[in-house]
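Colleague: I would like a close look at one part of this model, with its surroundings included. Please take me through it step by step.

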Amino acid sequence: MPLSTEAVRIAVQLASVRDGPMVFQIKAPLLDALFRKARRKSELDDSDLHFHDTRHEGITRMAQQMHVLRLAKAVGHRDLRMLQAYYND
């Protein structure tokens with residue numbers, strides 16, 4: 001689900017305290033390393049699982065609970081046809 005009003009308020013508050021626009025001060029290389037480490041620990045290291053697959057999984061779960069217009073706004077899609085894959089009959 002998208003962030004609640006309270007979560008947005010907290011994120012804005014945190015961002016104003018930190019230097020820069022990121023609430024979570026983590027750079028892409030570290031995020032990639034942490035994902036790979038977690039994948040190794042889960043014994044899925046030989047699988048074809050990539051970090052971007054987590055976005056697909058998240059959108060798929062959100063699609064089960066959200067109307068397509070709200071989902072499009074939440075994930076930043078302008079073309080609703082791109083979201084058809086997430087709404088299985």
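Modeller: Happy to; here is the last helix, its packing partner and the segment that comes after it.

This is a predicted model, in which local features need pLDDT of at least 70 and side-chain atom pairs count only at pLDDT 80 or more, while totals for chains, interfaces and linings use all residues. Residues are numbered from 1 along each chain as its sequence is written, and side-chain values use heavy atoms, with hydrogens and water left out.

First, the setting. The protein has four helices and zero strands (DSSP runs, H or I of at least four residues for helices and E of at least two for strands, numbered from the N terminus). Read from the N terminus, the order of elements is α-α-α-α. Of the 89 residues, 16% are buried (under 20% relative accessible area; exposed is over 50%, partly exposed in between, with a 1.4 Å probe and protein chains only). If we take the contacts (heavy atoms within 4.5 Å) between residues at least 6 apart in sequence, 27% of them link residues at least 24 apart.

Now to the helix itself. H4 spans residues 68–75, and H3, its partner, spans residues 52–63. The two pack at an angle of about 150°, and their axes are 10 Å apart (axes are lines fitted to C-alpha atoms over the stretch in contact, and angles run from 0 to 180 degrees between N-to-C directions). H3 and H4 are therefore roughly antiparallel (an angle over 145 degrees). On the H3 side of the contact we find Arg 55, Ile 59, Met 62 and Ala 63, and these meet Leu 71, Ala 74 and Val 75 of H4. By class, the contact of H3 with H4 has six nonpolar residues, no polar ones and one charged (Ala, Val, Leu, Ile, Met, Phe, Trp, Tyr, Cys and Pro count as nonpolar, Asp, Glu, Lys and Arg as charged, the others as polar).

Which residues of H4 are buried? They are Leu 71, Ala 72 and Val 75. These three sit on the same side of H4, because they cover an arc of only 100° around the axis (taken from the directions from the axis to the C-beta atoms). An α-helix has 3.6 residues a turn, so residues three or four places apart point the same way. The buried residues of H4 have H3 as part of their cover. On the face turned away from the buried side, H4 carries the exposed residues Leu 69 and Lys 73.

It is worth pausing at Ala 63, a residue of H3. Its relative accessibility is 7%, so Ala 63 counts as buried. Leaving out residues up to four places away in sequence, Ala 63 touches Leu 71, Tyr 86 and Tyr 87. Ala 63 and Ala 85 are 22 residues apart along the chain, with 9.7 Å between their C-alpha atoms.

That brings us to the chain beyond the helix. H4 is followed by Gly 76, which has a positive phi near 85°. His 77 lies in the segment after H4, and at a relative accessible area of 16% His 77 is buried. Setting aside residues up to four places away in sequence, His 77 touches Arg 55, Ile 59, Ala 72, Met 82 and Leu 83.

Leu 83 belongs to the segment after H4 as well. How accessible is Leu 83? Its relative accessible area is 0%, so Leu 83 is buried. With residues up to four places away in sequence again not counted, Leu 83 touches Ile 59, Val 68, Leu 71, Ala 72, Val 75 and His 77. Leu 71 is twelve residues from Leu 83 in sequence, and their C-alpha atoms are 8.4 Å apart in space. Looking back over H4, its buried residues Leu 71, Ala 72 and Val 75 are each among the residues that Leu 83 touches, and H3 is included in what covers them.

Terms used
Parallel < 35°, antiparallel > 145°, perpendicular 65-115°, else oblique.
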